[in-house]
Amino acid sequence: MAAQKINEAHEHIAKAEKCLKTSMTKWKPDYDEAASEMAKAAVAFKNAKQFEQAKDAYLKEAEYHTENKALFHAAKAYEQAGMMLKDMKKMPEAVQLIEKASIMYVENGTSGTAGIALDRAGKLIESIDLEKAVDLYQKAASVFENEDRLREAAELLGKASRLLVRLRRLDEAAVSLQKEKNMYKEIENYPTCFKKTIAQVLVHLHRGDFVAADKCVRESYSLPGFSGSEDCVYMEVLLKAYDEQDEDEVSRICNSPLLKYMDNDYAKLAISLKVPGGGAGKKKKKKSPVAPQGGSAGPPMAEEDDDYEGGLC
């Protein structure tokens, strides 16, 4: 079966080469038909698991489409060549070709397809190169933002923000989170804005910037439904405890389900948050119960033992 497919591929390559030949009656190469034959050759090689040859065939297809000024089809071929490299476990090279395809999509006026391709490339490289993944997600977000597709842009920025936290590039994460939050506010997705406020507070406190953390909460009071919400009350209690260097209260809030069950990167920030100086030698403040509107119970008491000692901070 594989041998049959390989023979079939070579037949299509021969036809493609014939399409490129000129004569007294055929003055110009037929790039369109040559690209079509090369695409068939690539599929045949792919079905035979000959990924290297399939990749080369897709690159030839892209070349012929480019000669024919068919940029969208050329970009598709480059992207397919990239996917062959993915199957060969050559992720950096795969991403390079997919990025090239995304540029051509934009030039062709199909920016949405470019954004999807960049997102795909980010997923491919994330497990081996976080910094490259951040760059790709940010580029994809920018493409969607330029198209006024803010929901997609915000989701991609969210991926970048989480990876920036993982990389401990917290200053950049803070900027990214603010941009995310602004987009969700613009499309009136207020509950997600509340969660971004919690993430902002955690990032700013890990940066040692209490003023910025407090400002994020104060600015969120203008969001419909935030004031008095569970998210708001927990952040108010957390900031008060942090400011008073009440380590037990900070630990209690940060180990509550509201924070522990956030996206993993933010949950790690929560459970590893310490007050300045670790609260050593500080007098613990008496806790005052706080209940969100609606009569629900306040932040639950945490276990006294801190299982996350020696975390990120």
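The following chat goes through a predicted model of a protein.

User: What does the secondary structure come to, helices and strands?

Analyst: In this predicted model, the protein has 15 helices and zero strands.

User: And how many of the contacts are between residues 24 or more positions apart?

Analyst: Such pairs account for 61% of the contacts with a separation of 6 or more, and, on the question of burial, 47% of the 313 residues count as buried.

User: Which residues have the most contacts inside the largest nonpolar core?

Analyst: That core has 95 residues, and those with the most contacts inside it are Leu-202, Val-203, Leu-238, Leu-259 and Tyr-266. Leaving aside neighbours within four places in sequence, Leu-202 is in contact with Leu-238, Leu-259, Met-262, Tyr-266, Leu-269 and Ala-270.

User: Switching to His-12, is it buried or exposed?

Analyst: His-12 counts as buried, because its relative accessibility is 12% and the cut-off for buried is under 20%. The residue is found in helix H1, which covers residues 2-20.

User: What does the side chain of His-12 make a polar contact with?

Analyst: The partner is the side chain of Glu-37, at 2.7 Å. Not counting residues up to four places away in sequence, His-12 touches Lys-40 and Ala-41 as well as Glu-37.

User: Cysteines next: how many disulfides?

Analyst: The count comes to zero, taking a disulfide as a pair of cysteine sulfur atoms within 2.5 Å. As for individual cysteines, Cys-193 is buried with a relative accessible area of 0%, and Cys-254 is buried with 1%.

User: How much surface does the protein expose?

Analyst: The protein exposes about 16,100 Å², of which carbon and sulfur atoms supply 49%.

Note on methods:
Residues are numbered from 1 along each chain as its sequence is written. This is a predicted model: local features need pLDDT of at least 70, side-chain atom pairs count only at pLDDT 80 or more; totals for chains, interfaces and linings use all residues. Side-chain values use heavy atoms; hydrogens and water are left out. Helices (H or I, at least four residues) and strands (E, at least two) are DSSP runs, numbered from the N terminus. Buried means under 20% relative accessible area, exposed over 50%, partly exposed in between (1.4 Å probe, protein chains only). A polar contact is a pair of N or O atoms within 3.5 Å; within protein, one must be able to donate a hydrogen and the other to accept it, and residues adjacent in sequence count only if both atoms are side-chain atoms. Contact means heavy atoms within 4.5 Å. A nonpolar core is a set of buried Ala, Val, Leu, Ile, Met, Phe, Trp, Tyr and Cys residues joined through side-chain atoms within 4.5 Å. Accessible areas come from the Shrake-Rupley method with a 1.4 Å probe; for residues, only the protein chains shown count as cover.
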